[in-house]
Amino acid sequence: MKPRSPAQDTAPPLPVDAKTTLAALQDAARDSALPAPTRELLLQAHQALAQSLADCEAERARYRTLFDAVPDPVSIIAWDGTVLDLNKAGMNAYRRAREEIVGQPIETLNPDLPQDHMVPVWETLNRGDTYVVEVTNMRGDGTRFPVEVHTAGLTFDGRKAMVAVARDLSSRHTAELRYRELMEAIDRGIVVQDAELQITYANVAAMKILGVGEDELVNDAMRGEQWLVMDEHGRQLASDRYPSARALQSGRIIESTVVGLYHRQRQQLMWLSVTAVPQFPAGGDKPQQVLSLFSDITALKRDSTLFDRAQSMAHIGGWEWEVTPDRLYLTEEAQRILGHRPAPDTIEGMLDCLRVDDRDRLRAALGQAISFGRNLDLEVQGHRADGRTFWARVIGEAEAGDPLHSRLTGTLQDVTERKHDEETLRVQARSDPLTGLLNRDAVLAELESRLDDPLRSQLAVLYVDLDRFKVVNDVLGHAAGDRLLASAARRIQRAIGNEGLIARFGGDEFLILCDTGSDPSRPERLADAILEIFGDSFRLDGEEFSITASIGIAQAPLDGVRSQQLIQSADVAMYDSKRRGRNGWQTFTPELAEQQLHRLQLETHLRRAVNNEEFHLVYQPQIDMRTGDVVAAEALIRWRNHSLGEIRPDKFIDHAETTGDIVGIGDWVLNEACRQMREWQDSGLNIPRVAVNVSYRQFLGEDLASTVAAVLAEYGLPGHALELEFTERVLIEDAPDTLRTFAALRQLGVILTIDDFGEGYSALNYLRRLPIHGLKLSQLFVQGVPDNQSDVAVCQAVTGIARSLGLALVAEGVETGQHRDFLLQLGVHVGQGFLFAPGMTPEELRERYPTVGMA
């Protein structure tokens with residue numbers, strides 16, 4: 001009997017019990033043999049119980065609705081660490097069904113927890129505090145992701161329990177990494193100091209500007225006795241007047257302060273423009289550290305006597321505006337920044353050089369400066385007379401001693417280059433370097449933004465996966481594969497045009513966002529355009545390749561209202577398109593979601609099948625159709641799952657090929673078939689050999705010859721007692737490795753056969769070179785003889801190929817006497833099929849052929 005989980009122990013009485021009780025109370029209340037007061041009391045009890053049950057059910061529904069509405073994974077955990085409940089966000093995050101988690105210890109989600117990990121949790125919760133920890137959680141597929149878990153105590157179904165909320169930290173870690181990369185890449189010096197002004201970080205640019213050597217500690221290099229610090233007028237600064245000290249004291253940003261640094265030993269003077277930014281801890285009211293951003297302006301200070309030249313070097317121009325007569329004065333550098341000749345001589349003339357939005361912003365800031373004496377500092381964008389765009393920082397203030405604010409003076413700094421650098425960095429951060437398309441992070445951000453905007457939330461996602469790309473990539477190498485991906489990206493861009501946003505989502509997968517509000521048929525039309533443009537072959541290094549695409553389509557809000565859900569729906573639809581034969585598109589449907597769930601369940605059970613001893617083999621004999629003798633027995637796998645029952649091979653073999661589980665399953669089949677062969681020989685049932693199917697994944701993923709040699713040695717079998725059947729797919733894999741593996745297997749004496757020949761690739765060039773012993777004629781063609789002329793022609797062709805190459809030939813799917821007679825006339829002597837026997841257990845085979853091979 002399956003043990004009850006803690007969640008089951010707290011379940012309410014079954015509805016049938018409550019209904020029975022209510023009916024009994026109602027019947028008793030109607031019993032005229034009872035006194036009237038008693039019947040009235042029973043009627044009141046009936047009403048009270050009915051109301052209580054309704055309230056209970058409403059409360060439970062409200063709990064579940066609120067529980068599942070929380071966007072982060074939330075778990076209810078028993079005091080001993082057993083999971084009692086899990087919300088929908090948790091099931092999505094962990095990619096597991098609720099039943100796989102509820103009733104299990106918390107280690108199921110956090111496999112890396114140390115022993116006695118619950119002790120600090122209990123201690124914290126018993127104090128009435130919340131326990132916070134960063135751990136690594138595991139999804140159902142084995143992948144890990146970092147989370148921050150907040151755990152609090154609560155009473156659940158009358159028992160002491162805990163509630164744990166997990167917040168995914170993956171995005172935060174990525175953002176921290178990018179921030180660090182930006183700090184190192186920027187060409188301005190950056191120094192971080194703690195509250196004691198000790199340097200805790202300095203970037204490469206800071207070390208270079210300050211002259212700190214690679215082997216030198218920055219705090220040692222910046223000791224106070226080695227430096228003289230001055231203000232912009234050459235006066236020595238006290239340490240509490242340094243920009244960093246002032247920022248820590250005031251808690252405010254100290255901007256663009258000119259500081260002189262004189263190194264006594266090197267007798268070298270440099271001038272820096274420093275901006276100090278205080279940084280506060282979470283929840284704190286005092287800075288815990290200060291970040292200083294600085295540039296070397298030594299050259300500017302050296303030429304300070306030549307004011308215009310200094311302005312030009314710094315790209316800073318001066319301006320002065322006399323308000324009442326509206327007279328504007330611009331220095332030469334300010335005129336160069338605006339790029340208009342003749343230069344504007346009124347404030348409106350300068351405003352006309354700007355974009356409309358920035359024109360209005362600057363006009364409003366000037367108005368505030370005139371009316372209230374406020375300073376202005378803003379960045380604006382404009383166009384020069386030649387059409388080029390510029391960015392400028394405008395700083396201004398009322399002239400000192402002017403109570404009417406009738407004169408404003410300020411600077412105009414050209415920040416175009418910085419803006420372009422920022423835009424370049426922004427584009428690089430959002431772009432895939434190989435294709436130039438948006439990258440995964442950028443398209444996810446764009447998708448979330450559109451879904452949050454009611455005016456743009458009617459959209460579709462097209463998930464595009466390239467078919468057969470891996471084959472080309474493996475054959476020609478990654479460099480050629482990269483060129484193929486870039487070429488495919490250009491084709492997709494031509495197909496989509498301006499109707500969608502395109503991103504490389506990863507590997508050979510692309511994501512396309514398109515609006516559906518104005519054109520509901522746009523997703524299907526764009527999918528057709530992509531398939532059409534992929535109809536032409538690709539040419540690489542003189543070779544021609546046919547690459548097609550499988551496309552899945554999901555639409556918001558019908559198929560998802562959040563990015564992850566919508567992309568997952570499109571991904572499911574794409575895989576269904578690929579399953580249907582590739583080179584097509586498929587829209588998402590609820591039925592596909594159900595199928596995906598079933599596939600996940602199948603995958604979970606399949607991975608445990610070998611360890612749970614759920615597989616067994618049956619054996620179908622191969623018969624000499626002339627004499628009726630058994631010449632071999634093919635091992636066929638069967639799966640009987642404890643939960644799903646008997647599952648046909650065609651339902652799980654392809655799935656195991658896709659997931660890679662076929663390698664472990666294939667090893668088990670090889671071992672079990674050889675063990676059974678040994679048992680038959682020991683009992684005197686001398687079947688000449690046993691045939692085992694080998695997946696192409698086994699062929700590629702391991703040293704097959706060594707594995708086979710070890711199994712033969714373990715059971716003391718000669719090589720000719722084993723026949724390995726390969727699909728035609730191995731014929732297109734790497735030829736040198738294929739030849740070496742086949743040669744090694746043949747050296748062991750193993751019989752080598754190509755299964756279902758003529759059904760797949762039929763690579764005759766490779767077939768001629770491989771050291772194989774025979775072919776198996778596919779039942780796909782045997783079923784149609786002798787009436788179907790196409791099948792007759794294929795059988796004749798395969799027979800001719802086998803005869804000309806000196807290969808043995810076995811026909812599969814022999815089910816009627818007509819099949820047998822046709823094959824014998826054709827010269828095919830060995831057959832396998834229901835006409836002779838189905839797949840049988842070892843005991844059934846012994847009973848049916850008790851004298852096989854016996855003297």
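# Exercises on a six-domain predicted model

The protein is divided into domain 1 (13–66), domain 2 (70–173), domain 3 (188–298), domain 4 (315–421), domain 5 (432–588) and domain 6 (620–633 + 672–848), with bounds that come from an automatic or database domain assignment. This is a predicted model, in which local features need pLDDT of at least 70 and side-chain atom pairs count only at pLDDT 80 or more, while totals for chains, interfaces and linings use all residues. Residues are numbered from 1 along each chain as its sequence is written, and side-chain values use heavy atoms, with hydrogens and water left out.

## Exercise 1: an open sheet and its helices

Task: Find the order of the strands in the open sheet that contains strand 2 and strand 3, and say which strands form its edges.

Solution. Begin with the vocabulary: helices (H or I, at least four residues) and strands (E, at least two) are DSSP runs, numbered from the N terminus, and two strands pair if DSSP finds at least two bridges between them. Five strands make up this open sheet, in the order 2-1-5-4-3, and their pairing is antiparallel. The edges are strand 2 (83–86) and strand 3 (131–138), each of which pairs on one side only. On average, neighbouring strands of this sheet are turned by 30 degrees against each other, direction ignored.

Next, look at one pair inside the sheet: strand 4 (residues 144–156) and strand 5 (residues 159–168) run antiparallel and are joined by ten bridges, and the bridge partner of F156 is R159 in strand 5.

Finally, add the helices, remembering that axes are lines fitted to C-alpha atoms, for helices over the stretch in contact, and that angles run from 0 to 180 degrees between N-to-C directions; contact means heavy atoms within 4.5 Å. Helix 3 (residues 36–69) lies across strand 1 (74–78), strand 2 and strand 4, at about 80 degrees to strand 2. Helix 6 (residues 118–126) lies across strand 3, strand 4 and strand 5, and runs at about 110 degrees to strand 5.

## Exercise 2: a second open sheet

Task: Describe the sheet that holds strand 13 and strand 14, and name the strands that helix 15 touches.

Solution. Five strands form this open sheet in the order 13-12-16-15-14, with antiparallel pairing. Its edge strands are strand 13 (327–330) and strand 14 (376–383), each pairing on one side only, and the twist averages 25 degrees from one strand to the next. Strand 14 and strand 15 (residues 389–398) pair in the antiparallel sense over eight bridges, and E379 has R393 in strand 15 as its bridge partner. Helix 15 (residues 356–372) packs on the sheet and touches strand 12 (316–322), strand 14, strand 15 and strand 16 (407–414), its direction making about 150 degrees with that of strand 14.

## Exercise 3: G774 and its surroundings

Task: Decide whether G774 is buried or exposed, and trace the strands that follow from its own strand.

Solution. G774 is found in strand 30 (residues 774–777). The word buried means under 20% relative accessible area, exposed means over 50%, and partly exposed lies in between (1.4 Å probe, protein chains only). G774 has a relative accessible area of 4%, and therefore it is buried. Leaving aside neighbours within four places in sequence, G774 is in contact with L752, T753, I754, L807 and A808.

From here, strand 30 is joined to strand 31 by four bridges, and the two run parallel; L777 stands opposite A811 in strand 31. Strand 31 (residues 808–812) is mostly covered, since four of its five residues are buried. Three bridges then join strand 31 to strand 32 (residues 830–832), again running parallel, and A811 stands opposite G831 in strand 32.

## Exercise 4: unusual backbone values

Task: Where do R95 and P786 lie?

Solution. As background, most residues other than glycine have a negative phi, and most peptide bonds are trans. R95, a residue other than glycine, has a positive phi near 55 degrees, and its place is in the loop between helix 4 (88–94) and helix 5 (98–101). Because its relative accessibility is 47%, R95 counts as partly exposed. The peptide bond that joins V785 and P786 is cis, with omega about 5 degrees, and P786 lies in the loop between helix 29 (779–782) and helix 30 (789–805).
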